[in-house]
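Take a moment with the sequence and the 3D view. The report below walks through two chains, one piece at a time.

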Amino acid sequence: MVDDFELLTAWRDGDTEAGQRLFARHFDALFRFFRNKIGDNDAADLVQTTFLACVERRDGFRGESSVRTFLFAVARRRLYSHLESIHRADRRFDAGVTSVVDIGATPSQLVDRKRSYSVLLAALRMLPVETQTLLELHYWEKLSGSQLAEVFAVAEGTIRTRLRRAKQLLAEAIDRLREGPPMATAEENLEAWASEVREEFARSKGPEQ
Amino acid sequence: MTDVNRTMEGDSAALAELAPQDEHALEELRSATLDGDPRKEHQRARVQAALFGGPTPPPETIARYRILGEIGSGAMGEVLEAYDDVLTRKVAIKLVHRQRRSPRASTRMLQEARSLAQLSHPNVVQVYEAGMHGDRAWIAMEHIDGQSLTEWLGAKPRDASVILDVFIAAGRGLAAAHEAGFVHRDFKPDNVLIDTRGRVKVVDFGLVRAIPDSHLLETLEGDSTFNGANSSSTLHPHPLTQDGTVLGTPGYMSPEQIRGAALDARSDQFSFCAAAWFALFGERPFKGATLRHLHYAMHQGTVEAGTQQPRGVGAARRVLRRGLSFKPDERFASMDELLEQLSVRSRRGWVLGAGAVALAGTLAVASVGEEPPCGEGLDPDAAWSSEHAASITDTFARTPAPYAAVTAQRVTEGMKRYAAEIGRARDTVCADRSRSDTATVDARLACLEGRSSALGALASRFDAADATTVEHAVDAVTHLPPIRRCITRGSGDEPLVPADPDLRAALASAHAARGTGHGALAVELSSALLQSATEAGDEATAVDARVLRATARFEQGEHDAAVTDMTAAIARATAAGLEERATEAWVDLATHGARDLRRPTETARWLVHAEGWVERTGLEDQRWALELARGHHQFLGAPADAYATFDALAEDLEGRAELEQLAARARHGRSMAAMQLRDTEAAARDSRWLLDYTRHKYGEQHPFTASSHYGLGLALFHGGNEEGVEHYRAALETWQAVYPSGHPETIKALVALADAELSAGRLPQARQYAEDALQMQQEVGPEELGVAEVSTVLGVVQHAEGHFDLAARSHRTALARYEKRLGPDDYNTAVARSNLGEALVMDGRYEEARPLFESALASLPPVVGDEHPVLAFPLKGAGIAAVLAGEPEEAILQLARARALAKDADPAERAEIDLAYAHALAASGDAVQSAARRAEVQAWRTSATELGLTRLDRLQRRLSASAPAESDG
């Protein structure tokens with residue numbers, strides 16, 4: 001199999017078939033990368049500009065260990081500047097602190113759905129964009145520590161620390177989303193609470209589950 | 001860097017760990033987000049065509065709908081803008097993510113959507129149809145060109161009445177859905193859309209239930225994916241989670257929803273009220289850092305007052321409050337019932353005609369156009385500007401008042417608000433003028449001009465502020481005349497302000513003089529105004545002038561002249577058919593009468609008149625004022641009734657920001673009544689609230705705040721709490737700093753401190769405070785009653801010290817003053833006699849003392865009755881004197897009565913009575929009974945205070961010294 005680097009070089013030299021092959025290999029990952037943060041159309045547009053940047057900026061690909069890493073490094077910068085442009089109007093964007101969602105409320109009805117994807121997805125989106133990106137590239141794209149270091153342009157040791165911290169933040173976010181029922185304030189409330197929960201359980205574990 | 005790393009590693013053990021199953025699920029999520037999505041394939045084709053040329057893919061379609069673009073996207077899915085080529089209209093399509101874990105969810109959602117399609121209501125977004133696109137479910141619905149309620153609210157400050165109208169319209173949508181058997185389950189401002197023509201529509205009914213976790217996702221997203229114009233809002237800064245510790249702002253969920261319990265329409269009602277509350281008052285009704293805390297706050301039922309306090313929504317607040325009840329049963333039975341209350345009350349508040357618009361489901365959009373100018377003479381900026389603010393701050397700072405800065409701030413804030421409110425009121429009146437006749441609009445604008453004059457006159461007084469003005473400044477702003485009354489004026493109503501600009505200005509400056517504490521000037525100005533108004537034939541303004549003069553005279557202590565003025569004002573107002581003025585004057589008269597305390601009979605009559613007039617005119621604020629007056633009237637004779645009156649009033653006014661000062665007065669009354677009823681705990685509770693309130697409103701060093709300290713000190717001290725002394729000291733410090741030496745308030749604090757130190761047994765301190773107080777009192781008013789009061793305190797301290805000759809001298813001073821000012825048979829005079837008698841007895845001059853006790857015992861019963869505990873003092877004194885005089889039989893008579901009346905007296909007092917009683921019984925030969933009394937004295941000794949023991953020892957010595965034959969036990 002022709003490797004990515006050869007395909008890229010060929011594409012740069014005008015071989016669109018090589019370009020299409022490279023595109024087919026990486027479209028899903030890049031689209032997924034953007035789509036979990038912005039809408040479909042914008043995501044597709046950014047995938048396009050990411051590929052274009054790789055083809056046009058011949059000198060851009062230097063130290064990276066793989067085309068894939070290079071693509072994600074470009075994609076990350078594109079994402080940040082896109083988010084920045086969205087938010088320039090009203091407030092400062094900082095990938096380190098800004099997350100892609102604003103929590104309007106806390107969850108409920110999580111009694112028996114504690115491991116649903118939705119919780120994970122929601123937790124991911126609660127994190128600062130940089131943290132979310134880091135985790136997605138780690139878990140979804142299986143990028144190694146050194147590859148992540150290239151994408152984020154920091155030392156590998158720093159990435160390990162960040163990754164550890166990111167996992168903690170995610171775990172915390174998940175915990176918060178799975179927070180249990182409120183504390184009962186008096187005994188009769190406790191009783192009422194318990195029976196309500198039993199009732200709810202009976203219903204949700206009924207014919208459907 | 002290394003340090004940071006180490007810290008993070010060190011902390012990691014304590015931090016949350018990502019569970020292995022979560023890690024696994026996270027990996028699975030990779031495919032869950034994209035696989036089987038036809039939209040991804042479309043995008044791929046699009047990008048591929050753009051990059052490599054080739055045929056552009058045909059426009060994306062879902063069923064027969066041609067996709068035009070994305071409106072929004074979120075974790076739940078996307079909302080697309082599409083075109084229906086068959087019916088040639090735009091539609092919105094909600095495309096939900098594949099429900100991988102719950103295959104039935106899509107089916108369920110389709111069912112739900114199809115039944116929703118049966119529901120048609122002007123305030124509900126119409127659902128057209130639903131289907132599947134690949135394995136993603138979609139719903140096509142009415143396309144709304146507009147914004148969400150969240151955006152609408154955030155766009156600019158909105159008038160409370162308009163906000164309420166939007167909510168009422170949205171509420172009608174909810175009600176219709178409830179009627180059809182749907183529960184929304186996620187009502188929030190994001191799910192209310194307002195189109196460009198002002199129509200209000202609710203979206204997203206019931207989808208929460210149809211899709212597992214959609215509620216979670218929706219609320220997490222913060223923006224509804226059904227939202228009309230939010231493509232840029234997929235990204236939000238998230239301050240609450242940036243440190244990873246605080247849970248996000250809780251939304252509009254009902255408590256039963258938080259518990260995950262079964263929901264019905266009443267849950268929507270709760271969410272509706274929570275959203276409306278937030279919109280009106282700027283704060284969510286309940287707060288909690290976590291769901292537990294939030295649920296707890298709901299259970300406790302303490303609502304947040306809110307950061308905004310719009311006028312005229314007090315009634316709406318109460319309606320919403322009920323909708324926010326913890327128990328669904330305590331809410332309204334239906335949205336219809338709630339809306340009925342809300343619209344009735346809101347219309348009563350404004351009478352804007354907007355209610356009728358809301359009924360049609362449309363929000364009035366103010367027309368811009370070729371109409372003639374309106375309210376041009378009303379430029380609130382002229383009455384108030386930032387230059388005014390700077391100049392007031394400057395002027396205030398030049399007075400010696402230590403609270404000048406706080407006052408300047410409160411005052412300028414208040415005036416700015418008031419000016420802005422005039423501006424808004426003008427806009428409201430002008431916007432509404434197509435529906436009103438010219439005379440009505442003119443009447444309303446004239447009223448607003450009067451309000452503007454009032455503001456201007458106050459600003460002028462502040463520009464020339466002296467210490468008195470600064471002291472009263474905050475209240476003067478609070479008492480600016482209410483603006484909302486202008487908006488409801490009709491041309492046939494009695495005018496609220498003089499038509500003549502000169503009279504208007506004169507009235508405004510007389511009001512400002514009175515409001516800033518310049519009573520004498522106010523009397524002068526209102527006298528001049530009365531004359532010119534009479535000459536001009538302006539009856540209403542003449543009445544205003546008289547009422548104003550009466551009020552100023554009441555405050556100056558000229559009660560008789562004040563009553564004459566007020567009754568004349570009432571007579572003129574009644575004759576001229578000025579019913580609102582007559583009502584206000586009656587209430588004013590009753591209020592001042594009740595405060596005066598010396599006119600109980602007349603006040604009772606005035607209250608009846610006032611009540612009749614209030615019922616007739618239905619002026620709500622006068623009703624509250626009347627209740628306050630009633631409480632004061634009941635205070636002396638029937639403190640329990642007074643307590644009940646104040647209590648009811650305080651409850652009624654709870655949370656009504658626009659009546660905050662009245663509420664504070666009700667609480668003050670309630671605390672005084674509680675003191676009277678010896679419920680020091682209740683008194684302390686209200687006093688603490690009042691202290692917080694005055695601190696915030698006037699600043700720590702304001703004399704009013706000192707009054708609150710004093711009141712709290714009183715409640716705590718009488719409740720046996722040592723902390724009370726600290727509050728007395730705080731009061732004293734402030735009063736000494738802001739008032740000239742010898743001010744009655746300063747003396748009051750000194751006396752209270754003397755009393756407190758005496759109780760604590762710190763006699764030197766007590767004497768120092770009492771002597772300071774007396775010296776001050778004698779400097780400022782040697783002839784005043786205050787001298788008697790302070791002398792009494794000093795005498796009591798000297799008595800406790802054992803300086804009976806000095807004590808006798810102090811009590812003699814008090815007696816002389818009371819006798820002269822209050823007469824020989826007054827209560828205070830009688831008590832002073834008894835006090836003097838006690839000092840004389842202990843000084844060995846019992847024969848001198850006996851006629852004093854006799855006189856006290858003769859004059860007290862007609863005043864307090866035969867059974868009053870105060871009688872125990874002269875009875876005890878007379879008894880001891882009789883023992884000393886060698887008349888044990890006489891002594892036994894007096895002491896037996898004293899003993900019966902002193903059942904609730906302090907233990908030292910009772911021990912003294914028992915001791916004297918024992919001596920009398922022994923002298924009369926009843927050794928058995930005597931021993932029994934002595935045993936009681938002994939028992940008391942084991943628990944006595946040092947001061948009490950000293951007192952008893954002195955009495956013992958006195959009794960033994962004069963009766964050497966007596967044996968001591």
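What covers the buried residues of helix 40 of chain B? The cover includes helix 39 (872–884) and helix 41 (907–923) of chain B. Bear in mind that this is a predicted model.

**Helix 40 of chain B**

Which residues of this helix are buried? The buried residues of helix 40 are B:Pro888, B:Ala891, B:Ile892, B:Gln894, B:Leu895, B:Arg897, B:Ala898, B:Arg899 and B:Leu901. The length of the helix can be checked too. Helix 40 of chain B has 14 residues, 888–901, and at 1.5 Å a residue they should span 20 Å. Its end C-alpha atoms are 20 Å apart, so the expected span and the model agree.

**The two chains**

Now step back to the whole chains.

| Chain | Residues | Buried | Helices and strands |
|---|---|---|---|
| Chain A | 209 residues | 45% | nine helices, zero strands |
| Chain B | 969 residues | 51% | 43 helices, nine strands |

From its N terminus on, chain A runs α-α-α-α-α-α-α-α-α. Contacts in chain A with a separation of 6 or more include 64% between residues 24 or more positions apart. In chain B, 62% of the contacts between residues at least 6 apart in sequence join residues at least 24 apart.

**Strands 4 and 6 of chain B**

Strand 4 of chain B covers residues 89–96, and six of its eight residues are buried. The strand is mostly covered. Strand 4 is joined by five bridges to strand 6 (residues 136–142) of chain B. These two strands run antiparallel. One bridge pairs B:Val91 with B:Glu142 in strand 6.

In a regular strand, side chains alternate between the two faces of the sheet.

**A sheet of three strands**

Chain B also holds an open sheet of three strands, in the order 7-8-9, with antiparallel pairing. Which strands stand at the edges? They are strand 7 (146–148) and strand 9 (200–202) of chain B. Each has a single partner strand, so one side of each is left without a neighbour in the sheet. From one strand to the next, the twist averages 25°.

Three bridges link strand 8 (residues 192–195) of chain B to strand 9, and the two run antiparallel. B:Val192 has B:Val202, in strand 9, as its bridge partner. Helix 6 (residues 160–179) of chain B packs on this sheet and touches strand 8 and strand 9. The direction of helix 6 makes about 40° with that of strand 9 of chain B.

Terms used: Residues are numbered from 1 along each chain as its sequence is written. Chains are lettered from A and ligands numbered from 1 in the order in which they are written. This is a predicted model: local features need pLDDT of at least 70, side-chain atom pairs count only at pLDDT 80 or more; totals for chains, interfaces and linings use all residues. Helices (H or I, at least four residues) and strands (E, at least two) are DSSP runs, numbered from the N terminus. A residue is buried if 20 or more other C-beta atoms lie within 10 Å of its own, exposed if 12 or fewer, and partly exposed in between; C-beta atoms are placed from the backbone. Two residues are in contact if their C-beta atoms, placed from the backbone, lie within 7 Å. Two strands pair if DSSP finds at least two bridges between them. The expected span of a helix is 1.5 Å times one less than its number of residues. Axes are lines fitted to C-alpha atoms, for helices over the stretch in contact, and angles run from 0 to 180 degrees between N-to-C directions.
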